[in-house]
Amino acid sequence: MILLQSGSDSEKEIQLRAEIKQLLKEANSMSQPSTFAQAAKLKRLAVAKERELSKYQNSCHKDDASYAKVLLILKYLTYGVLLIWFWRVPVASISLQLVQPFGSLLSWKTRGVQNNSVTIGIISWLIVSARVCRFVRRAYSK
């Protein structure tokens with residue numbers, strides 16, 4: 001629904017920009033003293049359309065900001081549920097040689113080292129996965 005709405009948003013913006021451009025073009029073409037009043041009226045209409053466009057863009061940005069807030073709240077709620085669900089339960093097991101200096105840090109709040117492998121707890125898993133996601137998002141957003 002949001003994607004469909006954003007497509008129609010850009011169409012409305014394009015339409016408003018075209019109307020503004022057309023009004024300004026008509027106003028600039030009237031350079032005779034006898035058509036000054038009509039040119040001024042067209043310029044006022046163009047200014048009114050620009051205000052309408054800016055109000056429309058501001059409302060779109062407010063919608064995007066509220067959508068981002070909802071997503072952030074859902075993200076933290078999901079983290080909370082995962083923490084409660086997997087507390088003191090190993091989420092993954094990695095060879096001790098791969099995480100040699102950080103083995104005890106990654107196995108915090110779990111059973112630690114077993115059978116020459118480190119068990120990874122949910123807190124460590126969420127921290128590392130959030131960092132990796134942030135890194136990938138920044139790499140692809142450039």
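Trainee: Of the 142 residues of the protein, what percentage count as buried?
Mentor: 20% of the 142 residues count as buried. Keep in mind that this is a predicted model.

Trainee: How much area does the protein expose, and what share do carbon and sulfur atoms supply?
Mentor: About 11300 Å² is exposed. Carbon and sulfur atoms supply 63% of that area.

Trainee: What does the pLDDT average?
Mentor: The average is 79, and 85% of the residues score at least 70.

Trainee: And what about residues 1–5?
Mentor: There the pLDDT is below 50. The stretch has 0 contacts in the model beyond near neighbours in sequence. Where pLDDT is low, the predicted coordinates should not be read in detail.

Trainee: Fine. Which secondary structure elements are there, and how do they run?
Mentor: The protein has 4 helices and 3 strands. Starting at the N terminus, the order is α-α-β-α-β-β-α.

Trainee: What share of the contacts join residues at least 24 apart?
Mentor: It is 51%, counted among contacts between residues at least 6 apart in sequence.

Trainee: Change of topic. How many salt bridges does the count come to?
Mentor: The count comes to 2 salt bridges. One of them joins Glu 13 and Arg 17, with the closest N and O atoms 3.8 Å apart.

Trainee: Where do Glu 13 and Arg 17 lie?
Mentor: Both are in helix 1, which covers residues 2–29. They sit 4 residues apart, about one turn of the helix.

Trainee: Is Arg 17 buried or exposed?
Mentor: Neither; Arg 17 counts as partly exposed, because its relative accessibility is 44% and that class runs between 20% and 50%.

Trainee: What about Lys 49 and Glu 19?
Mentor: Their side chains meet in a salt bridge, 2.7 Å from N to O. Lys 49 belongs to helix 2 and Glu 19 to helix 1, so this pair ties together parts that are 30 residues apart in sequence.

Trainee: How accessible are Lys 49 and Glu 19?
Mentor: Lys 49 has 23% relative accessibility and counts as partly exposed. Glu 19, at 26%, also counts as partly exposed.

Trainee: Why would such side chains pair at all?
Mentor: Side chains of opposite charge can pair when their charged atoms come close.

Trainee: Next, which residues form the nonpolar patch on the surface?
Mentor: Tyr 67, Val 70, Leu 71, Ile 73, Leu 74 and Leu 77 form that patch. Together they have about 580 Å² of accessible area.

Trainee: Where is Leu 71 found?
Mentor: Leu 71 is in helix 2, residues 36–85. Its relative accessible area is 43%, so Leu 71 is partly exposed.

Trainee: Which residues does the "transmembrane region" annotation cover?
Mentor: The unreviewed UniProt entry gives residues 76–98 and 118–136.

Trainee: What does the chain look like over residues 76–98?
Mentor: That span is 43% helix and 17% strand, with its end C-alpha atoms 30 Å apart.

Trainee: And residues 118–136?
Mentor: Those are 79% helix and 16% strand. Their end C-alpha atoms lie 25 Å apart.

Trainee: Last one. Is Ile 123 buried or exposed?
Mentor: Ile 123 counts as buried, because its relative accessibility is 18% and the cut-off is under 20%. Ile 123 has its place in helix 4, residues 122–141.

Trainee: How far is Ile 123 from Leu 82?
Mentor: They are 9.1 Å apart in space, C-alpha to C-alpha, and 41 residues apart in sequence.

How values were computed: Residues numbered from 1 in each chain as written. Predicted model: local features only at pLDDT ≥ 70, side-chain atom pairs only at ≥ 80, totals over all residues. Heavy atoms only, no water. Patch = residues over 30% accessible without salt bridge, like charges linked within 9 Å, V, L, I, M, F, W, Y side chains within 5 Å. Areas by Shrake-Rupley, 256 points an atom, 1.4 Å probe, with all protein chains shown as cover. Salt bridge = Lys/Arg side-chain N within 4 Å of Asp/Glu carboxyl O. Helix = DSSP H or I, 4+ residues; strand = E, 2+ residues; numbered from the N terminus. Buried < 20%, exposed > 50% of the residue type's maximum accessible area, 1.4 Å probe, protein only. pLDDT = per-residue confidence, 0-100. Contact = heavy atoms within 4.5 Å. UniProt positions renumbered as here; feature names shortened; annotations may be inferred.
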